Amino acid sequence: MKTRIRIAELNDASSFVAIKDQLPIKKTDGTTSTGGFLLGTDVATYEYYIENAFCLVAEVNDKIVGFGIIFNEVMLRSSDVWLRRKQANWFINLADWEDKKLCYFEQLAFLPGYRRLVILLSYNLVKWVFDLGYDALFTTTVKEPILNLAAIPFIYAVDGILAGNIREIYPKIGLINSDIYLIE
């Protein structure tokens with residue numbers, strides 16, 4: 001089995017959507033749909049991310065089985081995530097971080113059966129941004145209505161800390177409670 005981690009290319013966007021579309025999520029009415037928590041992402045959005053963010057893919061036998069996306073500083077500071085930062089309950093002094101070079105781990109998605117590649121892709125993606133001089137990386141993981149623990153082992157393996165918590169309302173999902181992590 002040939003495994004490879006590589007930089008995403010523009011024509012990979014449709015594979016990102018295909019992976020996203022296989023991820024289940026349970027809605028507030030109890031029904032299950034696909035798309036996971038990768039809300040609002042379509043081919044055009046993924047093409048934008050590939051052109052502007054840090055994006056890696058995991059391939060097995062030349063088939064894309066997972067991907068990861070980190071927003072650069074410009075993308076982070078113009079994102080809804082950054083605009084809503086004052087709504088969060090912070091466990092750190094956020095003011096200490098606002099003038100630093102920051103990025104945001106936006107998405108990490110893998111087809112079922114390929115989770116063993118999550119750490120490898122995540123490590124390479126995070127190393128990429130820190131090699132470019134970023135001071136810190138923020139990310140969020142959903143706590144409610146489902147508990148998403150997939151990224152937690154990696155976050156703690158690279159000495160990430162729990163930095164805050166935020167409660168938000170998503171139209172198709174309802175109330176979402178997410179933990180915010182910081183990796184230096």
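This passage describes the sheet, the helices packed on it and the nonpolar core of a predicted model.

Residues are numbered from 1 along each chain as its sequence is written. Because the model is predicted, local features need pLDDT of at least 70 and side-chain atom pairs count only at pLDDT 80 or more, whereas totals for chains, interfaces and linings use all residues; side-chain values use heavy atoms, with hydrogens and water left out.

The model contains an open sheet of 8 strands with mixed pairing, in the order β1-β4-β5-β7-β8-β10-β9-β6. Helices (H or I, at least four residues) and strands (E, at least two) are DSSP runs numbered from the N terminus, and two strands pair if DSSP finds at least two bridges between them. The edge strands, each pairing on one side only, are β1 (3–7) and β6 (89–90). Strands β5 and β7 run antiparallel and are joined by 6 bridges, with F67 opposite A109 in β7. On β8, by contrast, β7 pairs in the parallel sense over 4 bridges, and C103 stands opposite L137. Between β7 and β8 the chain passes through α5 in a right-handed β-α-β crossover; right-handed means that, with the strands pointing away from the viewer, the path from the first strand over the helix to the second runs clockwise. Strands β9 (residues 161–170) and β10 (residues 174–183) are antiparallel and share 9 bridges; E168 has I176 in β10 as its bridge partner.

Helix α5 (residues 118–131) packs on the sheet and touches β1, β4, β5, β7, β8 (136–144) and β10, contact being defined as heavy atoms within 4.5 Å. Helix α1 (residues 13–20) lies across β4 (54–60), β5 (63–71) and β7 (102–110).

In helix α2 (residues 43–52), T45, Y46, Y49 and I50 are buried, that is, under 20% relative accessible area (exposed being over 50% and partly exposed in between; 1.4 Å probe, protein chains only). These residues lie on the same side of α2 because they cover an arc of only 135° around the axis, the arc being that of the directions from the helix axis to the C-beta atoms. The elements covering them include α1, β4, β5, α3 (73–77) and β7.

Strand β7 is itself mostly covered, with 7 of its 9 residues buried. The largest nonpolar core (buried Ala, Val, Leu, Ile, Met, Phe, Trp, Tyr and Cys residues joined through side-chain atoms within 4.5 Å) has 56 residues, of which I69, I70 and F138 touch the most other members. Beyond its neighbours within four places in sequence, F138 contacts residues including W90, L102, C103, Y104 and I180.

Key:
Axes are lines fitted to C-alpha atoms, for helices over the stretch in contact, and angles run from 0 to 180 degrees between N-to-C directions.
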